[in-house]
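Biologist: I should like to go through this model and ask on what grounds each description rests. Please show the sequence and the structure before we begin.

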Amino acid sequence: MREALETPGRTAALVTPDRLIARRVAAELRRFDIEIDDSGGMPLARTSIGALARLVATIGSDRAGAVNVAALLAHPLTGLGLSRARVASLAPLIEIGVLRTFAQPDGGWAARVPPA
């Protein structure tokens, strides 16, 4: 794990039901000044990545309403192939230019036809 974390662009994960192993790995990584995000028994939905996964699943299940899209753009892990700073700078523009313009109260979308 330490080797993976020292390689730029790589990540690593340890998934184990054994809390003793998780604590031992965390202690070993701390020896190398590597702090980890230990969800230790926390339900996935209560983690940051779990919340992101839930937003993506909700939007993917044909509920891409304005509130869900705005929440996805505001999530700190949303990148969409861009830097987080770029997503954060574009999110308000998308909210104003698209979400407030085309979103309907029922959660659907309205097609806006420009005047002839």
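The exchange below sets the computed values against the cut-offs behind the terms.

Modeller: Please bear in mind that this is a predicted model.

Biologist: What makes up the secondary structure of the protein?

Modeller: The protein has five helices and zero strands. From the N terminus on, its elements follow the order α-α-α-α-α.

Biologist: How much of the protein counts as buried, and what does it expose?

Modeller: Of its 116 residues, 19% count as buried. The exposed area is about 8,700 Å², with 59% of it supplied by carbon and sulfur atoms.

Biologist: Why is threonine 58 called buried?

Modeller: Buried means under 20% relative accessible area. Threonine 58 has a value of 16%, so the residue is called buried. Its place is in helix α3, residues 48-60.

Biologist: What makes the link between threonine 58 and arginine 54 a polar contact?

Modeller: The pair must consist of N or O atoms within 3.5 Å, one able to donate a hydrogen and the other to accept it. A polar atom of the threonine 58 side chain lies 2.8 Å from the backbone oxygen of arginine 54, and the distance therefore satisfies the cut-off.

Biologist: Which residues does threonine 58 touch, not counting those up to four places away in sequence?

Modeller: Threonine 58 touches Arg63 and Asn68.

Biologist: How do you know that the buried residues of α4 line one face of the helix?

Modeller: Helix α4 covers residues 66-74, and Ala66, Val69, Leu72 and Leu73 are buried there. Viewed down the axis of α4, these buried residues fall within an arc of 130 degrees, so they line one face. In general, an α-helix has 3.6 residues a turn, so residues three or four places apart point the same way. On the other side of α4, Val67 and Ala74 are exposed.

Biologist: Why is glycine 41 called exposed?

Modeller: The term requires over 50% relative accessible area. Glycine 41 stands at 74%, so this residue counts as exposed. It belongs to the loop between α2 (19-30) and α3. Its C-alpha atom is separated by 8.3 Å from that of arginine 19, with their positions 22 residues apart along the chain.

Biologist: What is notable about phi in aspartate 33 and leucine 80?

Modeller: Phi is near 60 degrees in aspartate 33, a positive value in a residue other than glycine. In leucine 80, phi is near 55 degrees, also a positive value in a residue other than glycine. Aspartate 33 is in the loop between α2 and α3, while leucine 80 is in the loop between α4 and α5 (84-102).

Biologist: Why are aspartate 33 and leucine 80 called exposed?

Modeller: Aspartate 33 has a relative accessible area of 72%, which is over 50%, so it is exposed. Leucine 80, at 61%, is over that cut-off as well and therefore counts as exposed.

Biologist: Why is isoleucine 21 called partly exposed?

Modeller: Isoleucine 21, in helix α2, has a relative accessible area of 36%. That value falls between the 20% and 50% cut-offs, so the residue is partly exposed.

Biologist: What makes isoleucine 21 eligible for a nonpolar surface patch?

Modeller: Patch residues need over 30% relative accessible area, and isoleucine 21, at 36%, therefore passes that cut-off. The patch, of about 380 Å², is made by Met1, Leu5, Leu14, Ile21 and Ile36.

Technical notes: Residues are numbered from 1 along each chain as its sequence is written. This is a predicted model: local features need pLDDT of at least 70, side-chain atom pairs count only at pLDDT 80 or more; totals for chains, interfaces and linings use all residues. Side-chain values use heavy atoms; hydrogens and water are left out. Buried means under 20% relative accessible area, exposed over 50%, partly exposed in between (1.4 Å probe, protein chains only). Helices (H or I, at least four residues) and strands (E, at least two) are DSSP runs, numbered from the N terminus. The arc is that of the directions from the helix axis to the C-beta atoms. Contact means heavy atoms within 4.5 Å. Accessible areas come from the Shrake-Rupley method with a 1.4 Å probe; for residues, only the protein chains shown count as cover. Patches are made of residues with over 30% relative accessible area and no salt bridge: like charges are joined within 9 Å, nonpolar side chains (Val, Leu, Ile, Met, Phe, Trp, Tyr) within 5 Å. A salt bridge is a side-chain nitrogen of Lys or Arg within 4 Å of a carboxyl oxygen of Asp or Glu.
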